[in-house]
Amino acid sequence: MAKVTDVLDVNDVAPLSFIEPTIKQVLLSRRKLDYLRKLETEIIDEAIKEKEFEVYEQGE
């Protein structure tokens with residue numbers, strides 16, 4: 001059994017307690033992507049500096 005205490009209209013803002021897990025997941029995902037981009041850039045920069053890289057062309 002459940003008791004409905006309040007109903008929101010279609011364009012109303014959801015309560016923070018309802019969207020908080022989603023916000024946390026989005027922020028964690030964004031941090032993860034930023035970290036991976038930074039790591040990739042550092043690896044490429046280091047390889048260029050040490051002249052330890054190869055360029056591969058994709059065949060068509």
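## Exposure at both ends of the helix

A residue is called exposed here when its relative accessible area is over 50%. In this predicted model, Glu 52 has a relative accessible area of 60% and therefore counts as exposed; Glu 52 is placed in the segment after helix H1, which covers residues 16-50.

Val 4, by contrast in position, belongs to the segment before H1, and because its relative accessibility is 65%, Val 4 is also classed as exposed. Between the C-alpha atoms of Val 4 and Ile 48, which stand 44 residues apart in sequence, the distance in space is 62 Å.

## Helix H1

H1 is built from 35 residues and spans 49 Å from its first C-alpha to its last, a reach close to the 51 Å expected at 1.5 Å a residue. Ser 17 is part of helix H1, and with a relative accessible area of 62% Ser 17 is exposed. From Ser 17 to Lys 38, 21 residues further along the chain, the C-alpha separation is 32 Å.

The residue that follows H1 is Lys 51, and the phi angle of Lys 51 is positive, near 55 degrees.

## A negative surface patch

Asp 45, Glu 46, Glu 50 and Glu 52 together form a negative patch on the surface. One of these residues, Glu 52, lies in the segment after H1 (16-50), and its exposed state follows from the relative accessible area of 60% given above.

Terms used:
Residues are numbered from 1 along each chain as its sequence is written. This is a predicted model: local features need pLDDT of at least 70, side-chain atom pairs count only at pLDDT 80 or more; totals for chains, interfaces and linings use all residues. Side-chain values use heavy atoms; hydrogens and water are left out. Patches are made of residues with over 30% relative accessible area and no salt bridge: like charges are joined within 9 Å, nonpolar side chains (Val, Leu, Ile, Met, Phe, Trp, Tyr) within 5 Å. Accessible areas come from the Shrake-Rupley method with a 1.4 Å probe; for residues, only the protein chains shown count as cover. A salt bridge is a side-chain nitrogen of Lys or Arg within 4 Å of a carboxyl oxygen of Asp or Glu. Lys and Arg count as positive and Asp and Glu as negative; His and the chain ends are not counted. The place of a charge is taken as NZ of Lys, CZ of Arg, CG of Asp or CD of Glu. Helices (H or I, at least four residues) and strands (E, at least two) are DSSP runs, numbered from the N terminus. Buried means under 20% relative accessible area, exposed over 50%, partly exposed in between (1.4 Å probe, protein chains only). The expected span of a helix is 1.5 Å times one less than its number of residues.
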